[in-house]
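Please consider the model shown here, with attention to its nonpolar core and its helices.

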Amino acid sequence: MLIGELSRRTGVAARLLRYYDEQGLLCPDRDSSGYRVYAADAPYVVAHIRGMLAAGLNTDAIREMLPCATGADAGPGIEPCPEVLRTMTTHLRRMDEDIAELHRRRAALAAFRDATEARQERAGTDQVKSADR
């Protein structure tokens, strides 16, 4: 199938499909005119790519894991190929670190907000006291 048909079948823009090709995630053949020709299973491959991207994996990790993707749907079907569990564990650890950093940053911002609100309340109280004099 040509890129336009794959785009229609998957709902993924042709430009993004070309990007997947550049990243080595899709490997279409070329016809005599140089057009990309995708295999019949390309919609399933695109679904797996989209699912892995949604899970937060980068294209390097997807390239490593994609040969292990199984099934004809976008479900999390991954065979335990070499390095797959290590890749997933590494990415989960990074996500946990990112979440911890976001929690730390949120707490710092909340502390700034609380201090600002307290200062605002004190300023309002001071203004009321001045008006009473």
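The points below cover the core, one helix and two individual residues.

This is a predicted model, in which local features need pLDDT of at least 70, side-chain atom pairs count only at pLDDT 80 or more, and totals for chains, interfaces and linings use all residues. Residues are numbered from 1 along each chain as its sequence is written, and side-chain values use heavy atoms, with hydrogens and water left out.

**Nonpolar core**
- The largest nonpolar core (buried Ala, Val, Leu, Ile, Met, Phe, Trp, Tyr and Cys residues joined through side-chain atoms within 4.5 Å) has 20 residues.
- Those with the most contacts inside this core are L6, L17, Y20, L26, Y38, I49 and I62.
- Two or more residues each come from α1 (3-10), α2 (14-22), α3 (42-54) and α4 (59-65); helices are DSSP runs of H or I with at least four residues, numbered from the N terminus.
- The most is given by α3, with four residues.

**Helix α3**
- Its 13 residues reach 18 Å from first C-alpha to last, close to the 18 Å expected at 1.5 Å a residue (1.5 Å times one less than the number of residues).
- A42, P43, V46, H48, I49 and M52 are the buried residues of α3 (under 20% relative accessible area, 1.4 Å probe, protein chains only).
- These buried residues pack against α1, α2 and α4.
- G56, just after α3, takes a positive phi of about 95 degrees.

**Individual residues**
- Leaving aside neighbours within four places in sequence, Y20 is in contact (heavy atoms within 4.5 Å) with V12, L25, L26, I49, R50 and L53.
- T59, in helix α4, counts as buried because its relative accessibility is 15%.
- With neighbours within four places in sequence left aside, T59 is in contact with Y19, Q23 and L25.

Technical notes: Buried < 20%, exposed > 50% of the residue type's maximum accessible area, 1.4 Å probe, protein only.
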